[in-house]
Amino acid sequence: TLVWNSLSFQLSRLPATFHRSRKFVAAATALPDITTPLSPTTFAGMVERGLLERFDEKDIQRVLASWRLLDKDYYHKEYVGEPGKENESDMVQECHSYVPGLSIKPFWNAKDFDWANY
């Protein structure tokens, strides 16, 4: 995984011209179907089944959505910067493991979260 993490970091640091030349997925309506449960005969389906056995489905909707998107090899790329500055900004969200509805911002301060302060 060290090689993959290193590669992921390198890919995320590509120049702005690379980001601007790619198509963005900009709205939740563009997501693939995530309402159908995964096949129970696949690894992903078995993990999903385990989640559903341990947690109430309504409490883990975003987790299930993210897991199903990951199973479909979904890659989310969206411009999240100031409107009208798409051609001059590097504010692009890129996610291999996208969680619909999760808040984003350029920097999260660990001091804002009790669980991150130990």
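1. Helices H3 and H4 are roughly antiparallel to each other, since their axes cross at roughly 175 degrees and an angle over 145 counts as such. H3 spans residues 43-54, H4 spans residues 61-71, and the two axes come within 11 Å. On the H3 side the contact is made by Ala44, Val47, Glu48, Leu51 and Leu52, and on the H4 side by Val63, Leu64, Trp67, Arg68 and Asp71. Sorted by class, this contact has 7 nonpolar and 3 charged residues, with no polar ones. The model is a predicted one, and the points below should be read with that in mind.

2. Overall composition. The protein chain has 4 helices and 2 strands. Read from the N terminus, the order of elements is α-α-α-α-β-β. The chain has 118 residues, of which 22% are buried. Of the contacts between residues at least 6 apart in sequence, 53% join residues at least 24 apart.

3. Burial within H4. The buried residues of this helix are Leu64, Ala65, Ser66, Arg68 and Leu69. H3 is included in what covers them. Leu64 and Arg68 also appear among the H4 residues that make the contact with H3.

4. Arg68. This charged residue lies in H4 and has a relative accessibility of 5%, so Arg68 counts as buried, the limit being under 20%. Leaving out residues up to four places away in sequence, Arg68 touches Ile34, Thr35, Thr36, Pro37, Leu38 and Glu48. Glu48 is one of the H3 residues in the contact with H4.

5. Leu70. This residue is also found in H4, but with a relative accessible area of 36% Leu70 is partly exposed. Apart from residues up to four places away in sequence, Leu70 touches His96 and Ser97. The C-alpha atoms of Leu70 and His96 are separated by 7.2 Å, although the two residues are 26 apart along the chain.

6. The end of H4. Asp73 follows this helix and has a positive phi, near 60 degrees. Tyr74, taken up in point 9, is in the loop between H4 and S1.

7. The strand pair. S1 (residues 76-79) and S2 (residues 92-95) pair in the antiparallel sense over 4 bridges. One of the bridge partnerships joins His76 to Cys95 of S2. In a regular strand the side chains alternate between the two faces of the sheet. His76 and Glu78 point one way from S1, while Lys77 and Tyr79 point the other way. These four residues are all buried, so burial is found on both sides of S1.

8. Gln93. This residue is in strand S2 and is buried, with a relative accessible area of 14%. Its neighbours within four places in sequence aside, Gln93 is in contact with His76, Lys77, Glu78, Val80, Tyr98 and Ile104. Among these contacts, His76, Lys77 and Glu78 belong to the buried residues of S1.

9. Aromatic pairs. A search of the whole structure finds 3 of them. Tyr74 and Tyr98 form a tilted pair, with 6.1 Å centre to centre and 55 degrees between the planes. This pair links distant parts of the chain, as Tyr74 is in the loop between H4 and S1 and Tyr98 is in the segment after S2, 24 residues apart. Tyr74 and Tyr98 are both buried. Tyr98 is also one of the contacts of Gln93.

10. The second aromatic site. Trp108 and Phe113 form another tilted pair, with 5.7 Å centre to centre and 50 degrees between the planes. Trp108 is partly exposed, at 40% relative accessibility. Phe113 is partly exposed too, with a relative accessible area of 27%. With Trp115, these two residues form one aromatic cluster.

Notes:
Residues numbered from 1 in each chain as written. Predicted model: local features only at pLDDT ≥ 70, side-chain atom pairs only at ≥ 80, totals over all residues. Heavy atoms only, no water. Axes fitted to C-alpha atoms, helices over the stretch in contact; angles between N-to-C directions. Parallel < 35°, antiparallel > 145°, perpendicular 65-115°, else oblique. Contact = heavy atoms within 4.5 Å. Nonpolar A, V, L, I, M, F, W, Y, C, P; charged D, E, K, R; others polar. Buried < 20%, exposed > 50% of the residue type's maximum accessible area, 1.4 Å probe, protein only. Pairing = 2+ DSSP bridges. Phe/Tyr/Trp six-rings, centres within 6.5 Å; stacked < 30°, edge-to-face > 60°.
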